[in-house]
Amino acid sequence: MNGKIQTTKTAVETLLVNRYIDGVLDPGKEMLGPIKDGGHIIAHTAPGCWGPMITPCIRGGHEVTQPVYVEGAEPGDGIVIKIKSVEVTSQATSSGNDSPVEGRFLGDPFIAVKCPGCGTMYPDTVIKGVGQEAIRCANCDADVTPFVFTNGYTMFFGEKGDVGITLSKEAAETIAEDGRGYMKTPENSVQNPIVTFAPHDLVGTIARMRPFLGQLGTTPSRPTPDSHNAGDFGSFLVGAPHEYASTQEELETHRTDGHMDISRVRAGAVLVCPVKVPGGGIYLGDMHAMQGDGEIAGHTSDVAGIVHLEVHVIKGLNNAGPILLPNVEDLPYTAKPFTENERQTARQLAEKWNIDKLEESLPVSFVGTGPTLNDATENGLQRAADLFSVPVPEIMNRATITGSIEIGRHPGVVTITFLAPEHYLKKAGLLELVKAQYS
């Protein structure tokens, strides 16, 4: 059955999570928990992207936590996830732009890796030395990594958690010799540490740290590779030659858009996720130390970390995708709550023109995904219009004059942010939550 859980278990107030899946979010597999409505999840997350990408036994492109069952959550509900803290534990990482290696995968190098030597699918691997040829098939010793860097870097982080710097060849190779140690890879993680590749194309670059979660969401209602649980990466599943192939209709029906790479999904933000299986199945991972809008290189600084979440169920919300309440400082200028001086000016204008009542409004941000940024924008606009039972052109106007369209991940994740009338939020069941975030 979907959303499996041992019904004899008693729901707990706090759950510690340090177990991971093989890259496939499968609603037919048992979840952790259950956790109480209003409970807390403390998770030790494994690095995302590059480590799993060079570990063929991980079938989804990431290594996210085993999903958690939330007591009382049923399909059609929403789960509120309050991000209490996000802390980087890695001392170093490597990342950069990727290039797939032909002949080492079946249709999709993130999912279906095939050893070029013995033909084994999803082969186990061993590490021999350092560099981009160090990941070898455990069966035949062939170089099996499905990706290499076109331009990459190794970064070391300061103890204050404020900046990182990119390292030289010699320093990168020193890090590579003890990859799991420097990356602080969790004990139950099976990924090969990406610092093994020791990339060093950027040297001496300084980058500000502001960690966030690239993966945070609920379990799709059909088995789905974790990195493909979104409309852009998910489009690669349509008509694919491997076992996780999907139709476009199935993708639209089952995905929950947990893979967002939106840098605003950080400590202090609130995310409201759709529930498509009993218990919801909250999972997380793919923590990044920093990222600008777009993740334009395709990847950023993947790190291990500790995350604290608080979860609540909203019955019957029927949100088609995630709804984000960012920190005030992360809101677009036009979507920030009005100051008292601004309200006073507005009241004077209303009096002059005989406007009886001004809207009371608060910020809200809808996540949209699709094969392209245009598709993602249309998806997010439609989700907002559907939840508030208004036409899409109204949302377009509100997003234009009281908000903004911002890129989460290129090519197809955006946020549709605008000031929503309080009576819209109240009817949808979100008013008290949004008020608490922006009071």
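## Close-up views of pockets, cavities and buried residues

**View A. The largest cavity and the residues around it.** The lining of the largest cavity is made up of five nonpolar, three polar and three charged residues, where Ala, Val, Leu, Ile, Met, Phe, Trp, Tyr, Cys and Pro count as nonpolar, Asp, Glu, Lys and Arg as charged, and the others, Gly among them, as polar. The structure is a predicted model, in which local features need pLDDT of at least 70 and side-chain atom pairs count only at pLDDT 80 or more, whereas totals for chains, interfaces and linings use all residues. Residues are numbered from 1 along each chain as its sequence is written, and side-chain values use heavy atoms, with hydrogens and water left out. On a 1 Å grid over the protein atoms alone, a cavity is a set of points where a 1.4 Å probe fits but cannot get out, a pocket is an open set with protein on both sides within 12 Å along at least five of seven lines, and lining residues have an atom within 4 Å of a point. Grid points are joined across faces, edges and corners, and a volume is the space filled by probe spheres set on the points. By this rule there are two cavities of 30 Å³ or more, and the largest holds about 60 Å³. Its lining consists of Pro220, Arg222, Pro223, Thr224, Leu237, Tyr244, Ser246, Glu250, Leu251, His254 and Arg255. The largest share of this lining, three residues, is supplied by helix 4 (residues 248-254); helices (H or I, at least four residues) and strands (E, at least two) are DSSP runs, numbered from the N terminus.

**View B. The second largest cavity.** About 50 Å³ of space lies in the second largest cavity, which is lined by Cys49, Met53, His62, Phe110, Ser227, Phe233, His259, Asp261, Glu295, Gly298, His299 and Arg409. By residue class, this lining has four nonpolar, five polar and three charged members.

**View C. The two largest pockets.** The largest pocket has a volume of about 340 Å³. Of the 13 residues that line it, Phe338, Ala346, Leu358, Glu359 and Ser361 are the closest to its centre. Two elements, helix 5 (340-352) and helix 7 (392-401), give two or more residues to this lining, and the largest share, four residues, comes from helix 5. Five nonpolar, two polar and six charged residues form the lining of the largest pocket. The second largest pocket encloses about 230 Å³ and is lined by 13 residues, with Asp98, Phe233, Gly298, His410 and Pro411 nearest its centre; six of its lining residues are nonpolar, four polar and three charged.

**View D. Thr377 within helix 6.** Thr377 belongs to helix 6 (residues 373-388) and counts as buried at 19% relative accessibility, since buried means under 20% relative accessible area, exposed over 50% and partly exposed in between (1.4 Å probe, protein chains only). A polar atom of the Thr377 side chain lies 2.8 Å from the backbone oxygen of Leu373. Apart from neighbours within four places in sequence, Thr377 is in contact (heavy atoms within 4.5 Å) with Ile405, Val414 and Ile416. Helix 6 has 16 residues and spans 23 Å from its first C-alpha to its last, close to the 22 Å expected at 1.5 Å a residue, the expected span being 1.5 Å times one less than the number of residues. The buried residues of helix 6, including Ala376, Thr377, Gly380 and Ala384, pack against strand 17 (323-325), strand 18 (361-369), helix 7, strand 19 (404-409), strand 20 (413-421) and helix 8 (422-428). Ser389, which follows helix 6, has a positive phi, near 55°.

**View E. Thr93 in strand 6.** Thr93 sits in strand 6 (residues 92-100) and is buried, with a relative accessible area of 0%. Its side chain reaches the backbone oxygen of Asp302 at 2.6 Å. Not counting residues up to four places away in sequence, Thr93 touches Tyr153, Thr154, Met155, Phe157, Met183, Ile194, Val195, Ser301, Asp302 and Val303.

**View F. Val272 in strand 14.** Val272 is part of strand 14 (residues 270-274) and is buried, with a relative accessible area of 1%. With residues up to four places away in sequence left out, Val272 touches Ile79, Val80, Leu317, Asn319, Gly321, Pro322, Ile323 and Leu433.

Note on methods. A polar contact is a pair of N or O atoms within 3.5 Å; within protein, one must be able to donate a hydrogen and the other to accept it, and residues adjacent in sequence count only if both atoms are side-chain atoms.
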